[in-house]
Amino acid sequence: MKKVLKDNGLTIVLVAATMATLLGMLMTGISVYNDELVQHHQPAISLATYVASAHFLSALFENWESEFLQMSAYVMLTAFLFQRGSAESKDPDGGAGEEEPAGHAGDPQAPLPTRLGGVVASLYAYSLGIVLFILFLVSFVLHLRHSAAAQAIEASSHGQPAPTTWQHAGSASFWFESFQNWQSEFLSTAILVILSIFLRFRGSPESKPVAAPHSQTGG
C-alpha cells in the first residue's frame, strides 16, 4: 500500500481534489438554482435531479472544455515553439533531441503501438495531443447541448420562445461562456511559462533547479 501511495500519490491527490471540488460545485450550485426556482414560484429540486440538470451540466462541461483546450494547445505548441529560459520549453538551440521511435520497434519495454510500427506508431507518436483535443471537442459539444437546454428553460420561464441548439451556437451568450474561460486558461499558461524563467520551486519537475541560471531552458 505504501508503494502504491508513493508511486501514484500525485494522481490520488488530484482525483481526490477533483471529487471534493465537484461536490462543492454540486452543493453550491443546487442552492443557487433552487433560489432561482423559488423566485419564479417553482418547487425546489433534489440533488439527484440537479446532477442531471442543464444548469449543472452546462457549467461542468463549460469548464472541462476550457481545460482540455488549454492542455491540448499546450502539448502541441510546446512540440514546435520555444521560450528561451523557461522550464516549460525545449531548448531552442537544439541538443540530442528525441530518438526515432522506429528504432525501438523490437524493444519489449516499448509501448505496444511503437512495437507495431506503421500508421499505429505514427498516430501513437502524437496521441497525447490528439486525445486531449478530442476531449476538448466532446466537452465543447456537451457544453453547447446543455447550455442550449438551460437557455431554453430560462426563455420558457419568461414566456419567450426557446432557441434551438444551432441558434444558441451562434449566440453571444454561448460564446461569452466559452471565451471567459478560454482567456484565463491561456493567460495562466503564459504566466507559468514566463515565471518559470525567473522563479523556482525546489523539487518540482515544472521548475528548473534552484541554482540554474535564468538563461537555462528546460527543467
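Start with Gln70. At 15% relative accessibility, Gln70 counts as buried, because the cut-off for buried is under 20%. Bear in mind that this is a predicted model. Gln70 sits in helix α3. Now show its side chain together with that of Thr189. The two side chains make a polar contact of 2.7 Å. Add Glu185 to the view. Setting aside neighbours within four places in sequence, Gln70 is in contact with Glu185 and Thr189.

**Next stop: the aromatic rings**

How many aromatic pairs does a search of the whole structure find? The search finds twelve. For one of them, select Phe136 and Phe140. Their rings form a tilted pair, with 6.1 Å from centre to centre and 50° between the planes. Both residues lie in helix α6, four residues apart, or about one turn of the helix. Are these two side chains buried or exposed? Phe136 counts as buried at 8% relative accessibility. Phe140 is also buried, at 17%.

Now widen the selection. Add Phe133, Phe174, Trp175, Phe179 and Trp182 to Phe136 and Phe140; ring pairs link these residues into a cluster.

**Out to the surface**

Select Leu77, Phe80, Leu81, Val119, Leu123, Tyr126, Ile130, Ile134 and Val138. Together they make a nonpolar surface patch of about 920 Å². Colour by helix to see where the patch comes from. The elements that each give two or more residues are α3 (54-80), α5 (118-125) and α6 (127-157). Which of these provides the largest share? Helix α6 does, with three residues.

Pick out Val119 within the patch. Val119 belongs to helix α5. It counts as exposed, with 62% relative accessibility.

**Last stop: the salt bridges**

The structure holds two salt bridges. Go to Asp7 and Lys3 for one of them. Their closest N and O atoms are 2.9 Å apart. The partners are four residues apart in helix α1 (residues 2-39), so about one helical turn separates them. Asp7 is partly exposed, at 48% relative accessibility. Lys3 is exposed, with a relative accessible area of 60%.

Then move to Asp93 and Arg84. These residues also form a salt bridge, and the closest N and O atoms are 3.0 Å apart. Here Asp93 is the exposed partner, at 58% relative accessibility. Arg84 counts as partly exposed, at 45%.

Note on methods. Residues are numbered from 1 along each chain as its sequence is written. This is a predicted model: local features need pLDDT of at least 70, side-chain atom pairs count only at pLDDT 80 or more; totals for chains, interfaces and linings use all residues. Side-chain values use heavy atoms; hydrogens and water are left out. Patches are made of residues with over 30% relative accessible area and no salt bridge: like charges are joined within 9 Å, nonpolar side chains (Val, Leu, Ile, Met, Phe, Trp, Tyr) within 5 Å. Accessible areas come from the Shrake-Rupley method with a 1.4 Å probe; for residues, only the protein chains shown count as cover. A salt bridge is a side-chain nitrogen of Lys or Arg within 4 Å of a carboxyl oxygen of Asp or Glu. Buried means under 20% relative accessible area, exposed over 50%, partly exposed in between (1.4 Å probe, protein chains only). A polar contact is a pair of N or O atoms within 3.5 Å; within protein, one must be able to donate a hydrogen and the other to accept it, and residues adjacent in sequence count only if both atoms are side-chain atoms. Contact means heavy atoms within 4.5 Å. Rings of Phe, Tyr and Trp (its six-membered ring) pair if their centres lie within 6.5 Å; planes under 30 degrees apart count as stacked, over 60 as edge-to-face and the rest as tilted.
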